[in-house]
Amino acid sequence: MKDNVCRAITFINYHIPIRWDSNISVQYSTVGFFDGLFTKRININYEEDDLKPLWQHTSRLTAENEGYYSYQNIFGFSRDTWNNISDEIFWNKSTDEDYPLTFVVFLQIRDYLTDAHTIESQCRAFSNVIDEKLRGIGKAYTYGTIDKNDFVVCIKSKKYENAVGAIKALHDAGVNVVYSYTIFSVNNEVLKNLNEDKYRYLSDEIIPSICLKGIVNSFETGSSIALDRKYRQFCDILIQRLYGDDDPSKKIEEDKNKVLYDILGDNDFRLIARNVPLRKILREYAPGGILCYTEQVFPYYLFSSSLVLNTCTGKKEEIEDSEIKNAIEMMRREFTCHMCDNLSEQMEGILEVVKKKSLKKEDRVISICQAIFQLLQSLKVLEEAPTKKYDFYSLYLPLESLVQILESKIHDPDIGNVKMIYEFIHKISMTLHGTLRTDIQFFQIRDFNVIVHYAPAKIRAFYALWAMKIRDFYKKFVLEGQSSPHEYSFILAPGMYKGTAVRQLFENSQEEKRLMLITLPERHIYSPRWITIVLAHEVSHFVGSGIRNRKERHTVWLRLIARILELELQALFYRELLCISHTEVMSAYKKNPDLLTQIEDQLIKTEEKIRRENEDKKEYIFHSKQSIEIIMESYRKFLVYYIEQILTNFSCNIKYFISDSRKKNSIKASEEDIRIVCNRATEDMKLFCNEIGKVVFAKILNLFHVLTSETFADIMAILTLELSLEDYIRSFLKTELGEHEGEIREDNTITFIDVRIAIVVETISGIFSGNPNTRLYFSNYSNWINNPIRRLKTAKTLTVDERKILEAVSMFLKKKCALSSKINCYNAIYDSSSRSFKGSNSDFLRDEKVFDLICGYLRGCAKLYIEKVVESKDVEECRNDILKTYRNISKKTEIDLMEEIENFLSGAESEYANKKFSDEIFGC
């Protein structure tokens, strides 16, 4: 919508000493902790770009500052109809000239605004309060945010004291404000013209007192100058300029209105001055002023300074002692770290290690335990804070899992060598750091690398809790009569990564408590429409054992290996026999297409025997790692007991067929030639069977593991979020979901992604086409039936890259065939001429039997999913709840996104708070 406004407000701190060759151009000079402010309206086409322009804006700032300053970005969202002035007019230069004093007020409120249009209503309320208090001598514009600060109220005024009164009134504007932080600034163009008559009224406004603190530049030029000489001289000059009519010989310490203190702590001195004309203070920030950082005189005296303007508070009624006492009692109850304290009590093993004095053999374990314990103490800041708890839950839940996992393994002598533990701890620590970074309590923290670990707090917490929501939904898909045997938790860690990935701490299928680390590129934080898909995809890799159908998957992998072996043997034999007759060889294969079916039968019998021998591992025997090991063992024993007889029979059948053809068609090759060639081919095949088992099959099984795992996760995301084919295709390009498999496409080449998409399309299409009853539960079914790829290719909304993907998928599906009858067209893994294996060749995926086996397995998984949704009201309602959130985020605007995130976080906090309360009371 054109009316939607996104405003980036950036605060900077100069790196001292100033580099005078820099071209830092800021719009406003600020009074206080920050040195400058600039702002820019960001144009967003949410439907096309999500919030990517926010990331691009931040990236540009990083490139432009070249290390000259640190900065903090706040992005505000609003509409002009929510305010009494337009955003463009408010930030216009002429508005600054008419109302030269600019205030940016950050507000954090206690409660969520979840009802329809409540953020809009509150923006209106804040703007109306300011307008009412300023009575024509100022303007206001209010933004909501997806950051820790719920609202940003921007004020421009002619009168400083009136603006301060208006800011105080914000606390009574209909919501419970728990934190507020105000930054005062003046446009630099206005500062240059303060001597004009139009700004003389600023001299009439007297600031009751100012407090200047500073850190002295200790650089010496050869002569030793004491620090106090520098700051005393600096303060003398400043006082002379502020009180120009006073006797300059009068010392600061002799006047009670101008007091200079030596201090120990974060600064070297503090200057207190009373009854100071506002215009004179502001002039010192203009070019030529002693407080102007870019003037060469400032860095001679100081590294940094911070000026506070103090205004007198009006007389208030005294608070009764009884009210204070009641409030203290309530604070004790509310601001107590129940969950963190309870978790501390569970850390017996960890605390035992922390308290050990010896650091010789166990120093690594001690460092792990100390880091965990320290993280827990840091989390208490969030638990006991009076603001919302979405950030606390998004961090506490994975930390709780980490503590419980380590408690169970703390006495393992090799625990200190598990490298992934350190990474998990580091990611939780950096996410906690990024969360606290935007809290008002920690706003004044200098950070030279904000962009690396910073992302808007609410949207980051939304992703973390969204993953938990998806987890809770998938956990409902368990085997009949069972409850989920595993507990899952996720750490969401945005950072400098190439793509999105998920890893489990202690990757053992027998682990009951499972902690996953989701790493995603920070740029993807700004793609909520697609990251919600990615997380629905990634979580399904781990949660939902009942629909994963591992036993069927194991059988399919076994049959796939048999099928590839058949194709490779046929291709090898075919190439060996070409010297006899191309026509007769091809006729033999076409007339006897099942010459090698004994391979699959005998391989399955061998596998069943081995599986019976592994009864002690029955519960985990079909998990991917164990499944691959059993298949490989089955193949090795199959070679010993069956392969020679199968190959001999195969060779004989081919030999007899060709010999018979020779008599009828006068083939030039003699009977002896045919016998020699067939025998030689048989021996080569025996050697080949041994080599392919050693070199290739483990890689092929891992390929099938990745392929079935990724397509399964794709299907779960499609069914859960009701994605259209267009959404599914677009997700690859929007978030580089498959970038680790996406080779550079050359003309007429097929990539892993093409095969993956083709399998998913065929599976989903088959499900919806074959079972009309399921259409009642999936409103998007029409996107997936009646040749969906052909229909989508005609859509005008497709980009060039999306169209390329569809064309490649179509080409792959056209090339798919029964390769046994076209063995001359099969690009085999084994090159018989060089007797070597081709590293990346996977032409066997074109085989109809291979393709259908994979699709058949996935259709079975999808049917189990759909049956659960259809049969269980609880599952259907949970899915509808997820679907509602996804649609509100994906189909509307950035303003709707802000409102939906607020809604979602409110529900998540309530849900987890109630669950924890229940667990603690009833011991669940």
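This is a short talk on the folds and charged pairs of one predicted protein model.

Okay, hi everyone. Before I start, please keep in mind that what's on the screen is a predicted model.

Let's begin with the whole thing. The protein has 924 residues, and 56% of them count as buried. On the outside, about 41,500 Å² is exposed, with carbon and sulfur atoms supplying 48% of that. If you go through the structure counting elements, you get 33 helices and 17 strands. And here's a number about how the chain folds back on itself: take the contacts between residues at least 6 apart in sequence, and 78% of them join residues at least 24 apart.

Now, the barrel. Strands of a sheet pair through backbone hydrogen bonds, and they can do that parallel or antiparallel. How many strands make up the closed barrel here? Eight, going round in the order 1-3-2-8-5-7-6-4, and the pairing is antiparallel. From one strand to the next, the twist averages 35°.

Let me zoom in on one pair. Strand 4, residues 69-79, sits beside strand 6, residues 138-145, and these two are antiparallel with two bridges between them. If you want a spot to click on, try Phe 77, whose bridge partner in strand 6 is Gly 144.

There are helices against this barrel too. Helix 5 lies across strand 5 (101-109), strand 6 and strand 7 (151-157), and it runs at about 160° to strand 6. Then helix 6, residues 160-169, packs on the sheet and touches strand 5, strand 7 and strand 8 (177-187). The direction of helix 6 makes about 10° with that of strand 5.

Stay on helix 5 for a second, as it brings us to charges. Side chains of opposite charge can pair when their charged atoms come close. Inside helix 5, which covers residues 118-134, Arg 124 and Glu 120 are four residues apart, about one turn of the helix. Their side chains meet in a salt bridge at 3.0 Å, N to O. Are these two buried or exposed, or something in between? Arg 124 has 33% relative accessibility, so it counts as partly exposed. Glu 120 is at 15%, under the 20% cut-off, so Glu 120 counts as buried.

Helix 7, residues 188-192, has a pair of this kind as well: Glu 189 and Lys 192, three residues apart, again about one turn. That salt bridge is 3.5 Å, N to O. Glu 189 comes out as partly exposed, at 35% relative accessibility. Besides these pairs, there's a network, where salt bridges sharing partners join Arg 7, Arg 41, Asp 87 and Glu 88.

Let's follow Asp 87 out of that network. You'll find Asp 87 in helix 3, residues 87-90. Its relative accessible area is 0%, so Asp 87 is buried. What does Asp 87 touch, leaving out residues up to four places away in sequence? The list is Val 5, Arg 7, Arg 41, Asp 80, Tyr 141 and Tyr 143. With Tyr 143 there's also a polar contact between the side chains, at 2.5 Å.

In total, the count comes to 38 salt bridges. One of them pairs Arg 529 with Asp 50, at 3.5 Å, N to O. Where do those two sit? Arg 529 is in helix 19 (residues 528-540), while Asp 50 is in the loop between helix 1 (46-49) and helix 2 (52-65), so this pair ties together parts that are 479 residues apart in sequence. Arg 529 is buried, with a relative accessible area of 10%. Asp 50 is buried too, at 1%.

Last stop, another sheet. This one is open, with three strands in the order 13-15-14 and mixed pairing. The edges are strand 13 (487-495) and strand 14 (501-504), each pairing on one side only. Neighbouring strands here are turned by 20° against each other on average, ignoring direction. Strand 14 and strand 15, residues 513-521, are antiparallel over four bridges. In one of those places, Val 502 has Ile 518 of strand 15 as its bridge partner. Helix 15, residues 390-409, packs on this sheet, touching strand 13 and strand 15, and its direction makes about 135° with that of strand 15.

That's my tour, thanks for listening!

Terms used
Residues are numbered from 1 along each chain as its sequence is written. This is a predicted model: local features need pLDDT of at least 70, side-chain atom pairs count only at pLDDT 80 or more; totals for chains, interfaces and linings use all residues. Side-chain values use heavy atoms; hydrogens and water are left out. Two strands pair if DSSP finds at least two bridges between them. Axes are lines fitted to C-alpha atoms, for helices over the stretch in contact, and angles run from 0 to 180 degrees between N-to-C directions. Contact means heavy atoms within 4.5 Å. A salt bridge is a side-chain nitrogen of Lys or Arg within 4 Å of a carboxyl oxygen of Asp or Glu. Buried means under 20% relative accessible area, exposed over 50%, partly exposed in between (1.4 Å probe, protein chains only). Accessible areas come from the Shrake-Rupley method with a 1.4 Å probe; for residues, only the protein chains shown count as cover. A polar contact is a pair of N or O atoms within 3.5 Å; within protein, one must be able to donate a hydrogen and the other to accept it, and residues adjacent in sequence count only if both atoms are side-chain atoms.
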